[in-house]
Amino acid sequence: MSWRALLSTSVRELRWNFCPEGAGSAPVRAFLQNNYTDLKTLNPGLPFLIRDAPGLNPVLFARFGT
């Protein structure tokens, strides 16, 4: 089984912070554009919080728990 389908078994929330125009955030934007649909389809109950603001450094937060 793909890692994408196993996310909701241990992760309770995924939060991305990035700059909408910065070159340093380009890989994050590309990842989300290429994978968001699959991730959300395979994990419909898992919250995906996407926050973009000018000047933000790209960060991914994952909240774990039961």
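User: Hi! Which strand does β1 join through 6 bridges, and which way do the two run?

Analyst: Hello! In this predicted model, β1 is joined by 6 bridges to strand β3, residues 59-64, and the two run antiparallel. One of the residue pairings is V11 with F64, its bridge partner in β3.

User: What else is V11 in contact with, leaving aside its neighbours within four places in sequence?

Analyst: Besides F64, V11 touches L46, A62 and R63.

User: And how do β1 and β2 pair?

Analyst: Those two pair in the parallel sense, over 5 bridges, with β2 covering residues 48-52. W16 has I50 as its bridge partner in β2. Together with helix α2 (residues 26-42), β1 and β2 make a right-handed β-α-β unit.

User: Is β1 mostly covered or mostly open?

Analyst: Mostly covered: β1 spans residues 11-18, and 6 of its 8 residues are buried.

User: Thanks. New topic: which residues make up the largest nonpolar core?

Analyst: There are 10 of them: L7, V11, L14, W16, F18, V28, L32, L39, L46 and F48. β1 and α2 each supply at least two residues of this core, and β1 has the largest share of it, with 4 residues. As a general point, nonpolar side chains tend to be buried together in soluble globular proteins.

User: How many aromatic pairs are there in the whole structure?

Analyst: The search finds 2. W16 and F48 form a stacked pair, with 5.8 Å centre to centre and 5° between the planes. That pair links distant parts of the chain, since W16 sits in strand β1 and F48 in strand β2, 32 residues apart. The other is Y36 with F48, an edge-to-face pair at 5.8 Å centre to centre and 75° between the planes. Here Y36 is in helix α2 and F48 in strand β2, 12 residues apart. Ring pairs thus link W16, Y36 and F48 into a cluster.

User: Are W16, F48 and Y36 buried or exposed?

Analyst: W16 is buried because its relative accessible area is 6%, under the 20% limit. F48 is buried too, at 11%. Y36 counts as partly exposed, at 31% relative accessibility.

User: Last one: how many salt bridges does the structure hold?

Analyst: Just 1. E13 forms a salt bridge with R15, and the closest N and O atoms are 2.9 Å apart. E13 has 15% relative accessibility, so E13 counts as buried, while R15, at 31%, counts as partly exposed.

Conventions. Residues are numbered from 1 along each chain as its sequence is written. This is a predicted model: local features need pLDDT of at least 70, side-chain atom pairs count only at pLDDT 80 or more; totals for chains, interfaces and linings use all residues. Side-chain values use heavy atoms; hydrogens and water are left out. Buried means under 20% relative accessible area, exposed over 50%, partly exposed in between (1.4 Å probe, protein chains only). Two strands pair if DSSP finds at least two bridges between them. A crossover is right-handed if, with the strands pointing away from the viewer, the path from the first strand over the helix to the second runs clockwise. A nonpolar core is a set of buried Ala, Val, Leu, Ile, Met, Phe, Trp, Tyr and Cys residues joined through side-chain atoms within 4.5 Å. Contact means heavy atoms within 4.5 Å. A salt bridge is a side-chain nitrogen of Lys or Arg within 4 Å of a carboxyl oxygen of Asp or Glu. Rings of Phe, Tyr and Trp (its six-membered ring) pair if their centres lie within 6.5 Å; planes under 30 degrees apart count as stacked, over 60 as edge-to-face and the rest as tilted.
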